[in-house]
Amino acid sequence: DTAQKRLLPPLPQEGQYCVAPQQLVGVVGLEVHAQINSNTKLFSGSGVRFSAPPNSLVSPFDASLPGTLPVLNKRCVEAAVMTGLALNCTINRKSLFDRKHYFYADLPAGYQITQQRRPIAVDGMLTYSLLGGKKRSQVIRKTVSIKQIQLEQDSGKSLHDDLRSQTLIDLNRAGVGLMELVMEPDMSCGEEAAAAVRELQLILQALGTCQGNMSEGQLRVDANVSVHRPGEPLGVRTEVKNINSVRYLARAIDYEIQRQIGVLQRGEAVQNETRAYDSKSGETIPMRDKEGLQDYRFMPEPNLPPLIVYEDNASLPSGIDACQAVVVQKIREGLPELPSVKRDRLVQTYGILPEHSFTLVNEDGLVEYFEAVLKATKKEPRKVIGWVTNELVGHLKHQDMSVSQSPISPSALAELLELQETGHISSSVAKQVFQEMWRSSGRTALEIIQEQDLGLVSDTAQLHSICQKVVDSHPDEVHAIRNGNEKVLNKLMGLVQKETKGRADPVLVRAILHEKTS
């Protein structure tokens, strides 16, 4: 259904890009920078807040003033460990910090503190799903290997003023904690990459380690794209940087695969370069080549000791306060239900379709809403799911609202569904009442039905009269029914419902019409 498709990653048509002509296939690896959901920065006590006044959240360390030293934020370490555990990584009990040197105006120290030699987590696996098959209703599960997760600090922001030919620097973002997740080149097209990033986004949001809002730069994706013939070495790759939505990620990768195939088919060579995605033209454009690879002059960070995490309280050395240490077992015990587990549980518990479980999990708060409606009504889950994914989600999307902003509470929707289930109103009237409840928040279904006299017409004499009128004015249809075409009866039922404004009891109407046309 349309509401459900709108919530899944917007993907190209099946098979459009995943198998390229003449056996050249795409190879895709991703580097994802996830901003850690923390009140303060990775190495300083400065606050983290989007769109704060420029340079209002900058400590002496963030500005790299002489004599300042980094102090590691425990919350950021725990977030990285939790993310690593959720992605089936090995957590390194000892990891190291390094300096990566490069010179941009928005990097005041002239280096970034990162984890180049020994990151906090390695060798993980992300399982993601996408919809395939003729009706795009078959769930296809795939996996991508996570090479590593490393902690590092963000840079500031350069704002270019072309009118005045000057660049302004905002250091609010400088030093904000990031997790860089490096995915192996295990994907073959934009559809797979988009589905993997969407799943990662849901996992990070479920964990609370990253809010994952791409439009605010909390999740930034770089894609490494190449093409080759299966069985041959990987081709020359390009890097498409700073893609800020799942939709654009799929389009950028698919465009780049087709562009590289075109280059090779013309007998030319793919250049090892960095490209940007232009969302207006739908094309990738060159930014800079990588011929002269920059020497980052990595060196151990002299002001930070090795980062040690402990397996459990029993492994803590004497004299170390458990509250000050990062304990893996404690973090593992606090892991929430992950999206893939939640989807499987919904399908098994309620007998809903797998694609509906995607819709529920993809929209923040929708699972809780759905389950709250089920608790308050006797209606079957497979009937309730249609109301939640079509009516509710359709209205929310139309007005760009979140589930928490819905003017119809779960209990109010449950009341409406109970009235329909117990035969007080027809399904068409139920939708009409839903619209009215949406427009006038706070009014109950029962109030609206009574005010507008929308209850089912079950007065047998009145229905007999209306049915007789419809039968008398449609002799051709009656003749067709008498000759065995039962489907025409539905047309007469529709005419009766039109006459009663959808308020006739359908079971009663069918019985009366059957009697009058037999």
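**Exercise 1. The surroundings of Q148**

Determine which residues are in contact with Q148 in this predicted model, leaving aside its neighbours within four places in sequence.

*Solution.*
Step 1. Place the residue: Q148 belongs to strand β7, which covers residues 138-153.
Step 2. List the contacts beyond four places in sequence: Q148 touches Q115, P119, A121, V122, E180, L181 and V182.
Step 3. Look for polar contacts of the side chain: one links Q148 to the side chain of Q150, at 2.3 Å.
Step 4. Classify the accessibility. The relative accessible area of Q148 is 14%, and buried means under 20%; Q148 is therefore buried.

**Exercise 2. Strand β1 and its partners**

Establish whether the residues of strand β1 are buried or exposed, and identify which strands are joined to β1 by bridges.

*Solution.*
Step 1. Count the covered positions: in β1, residues 25-35, 11 of 11 residues are buried.
Step 2. Separate the two faces. One side carries V25, V27, G29, E31, H33 and Q35, the other G26, V28, L30, V32 and A34, and all of these are buried.
Step 3. Take the pairing with β11 (residues 219-228): the two strands run antiparallel and are joined by 10 bridges. Within this pairing, L30 has A223 as its bridge partner.
Step 4. Take the pairing with β10 (residues 177-183): five bridges join this strand to β1, again in antiparallel orientation. Here E31 is matched with V182. V182 also appears among the contacts of Q148.

**Exercise 3. A hairpin and an open sheet**

Describe how β8 and β9 are connected, then give the strand order of the open sheet of three strands.

*Solution.*
Step 1. Pair the hairpin strands: β8 (residues 157-161) and β9 (residues 166-170) are antiparallel, with five bridges between them. One bridge pair consists of L159 and L168 in β9.
Step 2. Examine the connection: four residues lie between the strands of this hairpin, and S165 in the turn has a positive phi of about 50°.
Step 3. Turn to the open sheet: the order is β5-β4-β15, and the pairing is antiparallel. Its edge strands are β5 (111-114) and β15 (299-300), each of which pairs on one side only.
Step 4. Find the register between β4 and β15: two bridges join β4 (residues 98-101) to β15, and R99 lies opposite M299.

**Exercise 4. Cysteines and disulfides**

State how many disulfides the whole structure contains, and explain why C210 is not bonded to C76.

*Solution.*
Step 1. Search the whole structure: the number of disulfides found is zero.
Step 2. Apply the distance criterion to C210. The closest cysteine sulfur, that of C76, lies 11 Å from the sulfur of C210, whereas a disulfide requires sulfur atoms within 2.5 Å. The separation is therefore too far for a bond.
Step 3. Assess accessibility: C210 has a relative accessible area of 1% and is buried. C467 is likewise buried, at 0% relative accessibility.

**Exercise 5. A loop residue**

Locate G484, decide whether this residue is buried or exposed, and state how far apart G484 and S518 are in space.

*Solution.*
Step 1. Locate the residue: G484 sits in the loop between α14 (475-482) and α15 (488-499).
Step 2. Classify the accessibility: with a relative accessible area of 57% and exposed defined as over 50%, G484 is exposed.
Step 3. Compare sequence and space: G484 and S518 are 34 residues apart in sequence, and their C-alpha atoms are 9.8 Å apart.

Key:
Residues numbered from 1 in each chain as written. Predicted model: local features only at pLDDT ≥ 70, side-chain atom pairs only at ≥ 80, totals over all residues. Heavy atoms only, no water. Buried < 20%, exposed > 50% of the residue type's maximum accessible area, 1.4 Å probe, protein only. Pairing = 2+ DSSP bridges. Polar contact = N/O pair within 3.5 Å; in protein donor to acceptor, adjacent residues only side chain to side chain. Contact = heavy atoms within 4.5 Å.
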